[in-house]
Amino acid sequence: MLSNIGVPGLILILVLALIIFGPKKLPEIGRAFGQTLREFKKSTRELTSDVMEDFEEEKKEIQKSLK
């Protein structure tokens with residue numbers, strides 16, 4: 001999706017954001033976006049690790065039942 005934007009499109013988006021939100025509000029928006037992205041990644045990692053733990057437990061149970 002973002003690969004179709006290109007450099008000129010990205011510059012246009014940044015200029016529009018600067019005009020709409022102003023120079024004082026833009027860093028706050030960037031920080032909030034970064035925190036949201038960080039939380040999303042953390043949640044994804046936790047979910048993935050939970051699923052992998054369940055998978056490993058099931059794998060051990062199957063191996064025990066085959067012995």
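A residue is called buried when its relative accessible area is under 20%, exposed when it is over 50%, and partly exposed in between. In this predicted model, valine 7 counts as exposed because its relative accessibility is 58%. Valine 7 belongs to helix α1, which covers residues 6-66.

**Overall form**

The protein chain contains one helix and zero strands. Its radius of gyration is 22 Å, well over the 11 Å that the globule rule gives for 67 residues, so the chain is more spread out than a compact globule. The C-alpha trace spans about 70 × 25 × 10 Å along its principal axes. Of the 67 residues in the protein chain, buried residues make up 3%. The exposed area of the chain is about 6,500 Å², and 67% of it is supplied by carbon and sulfur atoms.

**Surface patches**

Valine 7 also takes part in a nonpolar surface patch of about 870 Å². The other members of this patch are Ile11, Leu12, Val15, Leu16, Ile19, Ile20, Phe21 and Ile29. Leucine 16, one of these residues, lies in helix α1. Its relative accessibility of 43% falls between the limits of 20% and 50%, so leucine 16 counts as partly exposed.

A negative surface patch is formed by Glu39, Glu46, Asp50, Glu53, Asp54, Glu57, Glu58 and Glu61. Glutamate 61, a member of this patch, is located in helix α1. A pair of residues links the descriptions of the two patches: leucine 16 from the nonpolar patch and glutamate 57 from the negative patch. These two residues are 41 residues apart in sequence, and their C-alpha atoms are 51 Å apart in space.

**Charges and the salt bridge**

The protein chain carries 11 positive and 10 negative charges, and the mean positions of the two sets are 10 Å apart. A search of the whole structure finds one salt bridge. In this salt bridge, glutamate 28 pairs with lysine 25, and the closest N and O atoms are 3.6 Å apart. Both glutamate 28 and lysine 25 lie in helix α1, with a separation of three residues, about one turn of the helix. Glutamate 28 counts as partly exposed because its relative accessibility is 42%. Lysine 25 likewise counts as partly exposed, at 43% relative accessibility.

The table lists the accessibility of the residues discussed individually.

| Residue | Relative accessibility | Class |
|---|---|---|
| Valine 7 | 58% | exposed |
| Leucine 16 | 43% | partly exposed |
| Lysine 25 | 43% | partly exposed |
| Glutamate 28 | 42% | partly exposed |

Conventions:
Residues are numbered from 1 along each chain as its sequence is written. This is a predicted model: local features need pLDDT of at least 70, side-chain atom pairs count only at pLDDT 80 or more; totals for chains, interfaces and linings use all residues. Side-chain values use heavy atoms; hydrogens and water are left out. Patches are made of residues with over 30% relative accessible area and no salt bridge: like charges are joined within 9 Å, nonpolar side chains (Val, Leu, Ile, Met, Phe, Trp, Tyr) within 5 Å. Accessible areas come from the Shrake-Rupley method with a 1.4 Å probe; for residues, only the protein chains shown count as cover. A salt bridge is a side-chain nitrogen of Lys or Arg within 4 Å of a carboxyl oxygen of Asp or Glu. Helices (H or I, at least four residues) and strands (E, at least two) are DSSP runs, numbered from the N terminus. Buried means under 20% relative accessible area, exposed over 50%, partly exposed in between (1.4 Å probe, protein chains only). Lys and Arg count as positive and Asp and Glu as negative; His and the chain ends are not counted. The place of a charge is taken as NZ of Lys, CZ of Arg, CG of Asp or CD of Glu. The radius of gyration is taken over C-alpha atoms; the globule rule is 2.2 Å times the number of residues to the power 0.38.
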